[in-house]
Amino acid sequence: MTTTLYLPAWSIGPDCYKDIYNIARPYGKKVAVIGGHISVEKALPKIKAALAGTDLELTEPIWFGGEASYENAAMLEAMDEVKNADMIFGIGGGRAMDTAKCAAGHLDKPIFAFPTLASNCAACTTLCVMYYPDGAMKDLYYPKRCAIHTFMDTEIIANSPAEYMWAGIGDSLAKEFESEMAARNDLASFKIEHAPLMGVNIARCCTSAFLAFGEKAMEQIRNHEDGYELQQVVLGIVITAGMVSNLTVETTRDAYFYNDSLAHCFYYGCTVCPGAHKHLHGEVVSLGILVLLTLDGQIEQRDKLFPFYKALGLPMTMDAIELTEADMPTLLDKCVTMGNWNYVPTPITREQFAQAILDTDKAAKAWLAAN
C-alpha cells in the first residue's frame, strides 16, 4: 500500500509576496481569487504589485460567501471564473480559507494560501472545518492535499485585529494537550505510525513558543509592529499547528485521528449555545484546554497555565465566554455527537464532562481571586 503525505511549504515576512510568481507560475496562468471582503482589500493590492508585468491573470475578487459551508463551496464551484482557473488564491481567515480549499478540492485545482490573520492553521492544513449555514459545526472535509504554498505577509498580519491572533494562540495552544490525549493509548503501546508520532512530538513546539513569545507578540500586534516575536507566534499558529494537523490525521485510509480531543469538542458544543457562540473559535478552545486538563486530572499543568492565561486575557471562566449552567444540556447534546468526544484514552460520560466544566470554572475563579 502506498501512502502519500503533503506537508506545508511557506514564505513569511513583509516582502514574501515577491516569491509568488516563481512558486505559482508552474501551475498555470489563470488564477481565481477567493476570499473575504476586508482580507482581499488588504492583500490583493500587494499581490497585484508583486505580479505586475508577469503573465499571471487574476480574476476579479470573489467573495467566499461568509461561512465555511458546502453551500458556499458549491456556489464557488459553479462559477465559470473558478471552473476555468488553473489555480486558486485563497485570501483571508479560517472560514474563507476552508471554503476556498473545499471548492479547490472538489474541482481538483491547486490552491495557494494568503492568510491575512494569524487566527488558525487553516492556511496549510489538509482538512476543512465545515459549518451549517447557521454557523453550527457540521463536519470535516479532507481535500487531497494542503495548499501548495502559504504566503504569510507579516506586515498585513501585524495590522490585523489583535484579537484574532490572541484567539489563534488559544486555539493552537491546544495541540500538545489534545494530540497527547487522543494518542495516549497508542503511544503507550507504541502502536502508532511514523507520521502521527512526529506530529504528537511537534505539537509540544506550540506550547513552548507561545509561552516564550506570546505576551511580546501581542504587544507588537497591538502596536502594529512586525517583530521577531510576532513572526514566531504566527509560525506557531499557522505552520506548527498546521503541521501537527497534517501529520496526525490519516485522510485516505481513516487509520488514525489524533489532531484534537476534548478542547475542540467543548468548542463545538459551544457553537449551539447563544452566548458562547458569539465568541471566537480559539477563545472558546482555550477554555476547553483547561476543561480537558481538569477532566484528565492534570491539575498541576492546568494551574501552570493560569498566569499565562491571565497575562494574555484568555478566558478562564464560564462567564468569560457567556456560558451558563442552563446551557449545559444543549452543549452536551452537541458534544456527544462529535467525533472528538471519543478521542480520549478511556470513555467519558456527559456527567464527567459537565463536572469538569464546573470544576474548571470554580478553580479559575478561586485562582483569580487570590491573584
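The paragraphs below go through a helix pairing, an enclosed cavity and an open pocket in this predicted model.

The helix pairing involves H7, which spans residues 162–172, and H9, which spans residues 194–222, and their axes come within 10 Å of each other while crossing at roughly 175°. Because angles over 145 degrees count as roughly antiparallel, H7 and H9 are described as roughly antiparallel to each other. On the H7 side the contact is made by Ala162, Met165, Trp166, Ile169 and Ser172, and on the H9 side by Cys206, Phe210, Gly214, Ala217, Met218, Ile221 and Arg222. Taken by class, the residues of this contact between H7 and H9 divide into 9 nonpolar, 2 polar and 1 charged.

Turning to enclosed space, the structure holds 1 cavity of 30 Å³ or more, and the largest cavity contains about 40 Å³ of space. Its lining is formed by Gly92, Gly93, Gly94 and Met97, together with Pro115, Leu117, Ser119, Asn120 and Ala123. In that lining there are 4 nonpolar and 5 polar residues, with no charged residues.

H9 appears again at the second largest pocket, where H9 and helix H10 (228–248) each supply at least two residues of the lining. This second largest pocket has a volume of about 330 Å³, and of the 20 residues that line it, the closest to its centre are Thr4, Leu5, Glu250, Thr251 and Thr252. By class, the lining of the second largest pocket has 7 nonpolar, 9 polar and 4 charged residues, whereas the lining of the largest cavity has no charged residues.

Note on methods:
Residues are numbered from 1 along each chain as its sequence is written. This is a predicted model: local features need pLDDT of at least 70, side-chain atom pairs count only at pLDDT 80 or more; totals for chains, interfaces and linings use all residues. Side-chain values use heavy atoms; hydrogens and water are left out. Axes are lines fitted to C-alpha atoms, for helices over the stretch in contact, and angles run from 0 to 180 degrees between N-to-C directions. Helices (H or I, at least four residues) and strands (E, at least two) are DSSP runs, numbered from the N terminus. Angles under 35 degrees count as roughly parallel, over 145 as roughly antiparallel, 65 to 115 as roughly perpendicular and the rest as oblique. Contact means heavy atoms within 4.5 Å. Ala, Val, Leu, Ile, Met, Phe, Trp, Tyr, Cys and Pro count as nonpolar, Asp, Glu, Lys and Arg as charged, and the others, Gly among them, as polar. On a 1 Å grid over the protein atoms alone, a cavity is a set of points where a 1.4 Å probe fits but cannot get out, and a pocket is an open set with protein on both sides within 12 Å along at least five of seven lines; lining residues have an atom within 4 Å of a point. Grid points are joined across faces, edges and corners, and a volume is the space filled by probe spheres set on the points.
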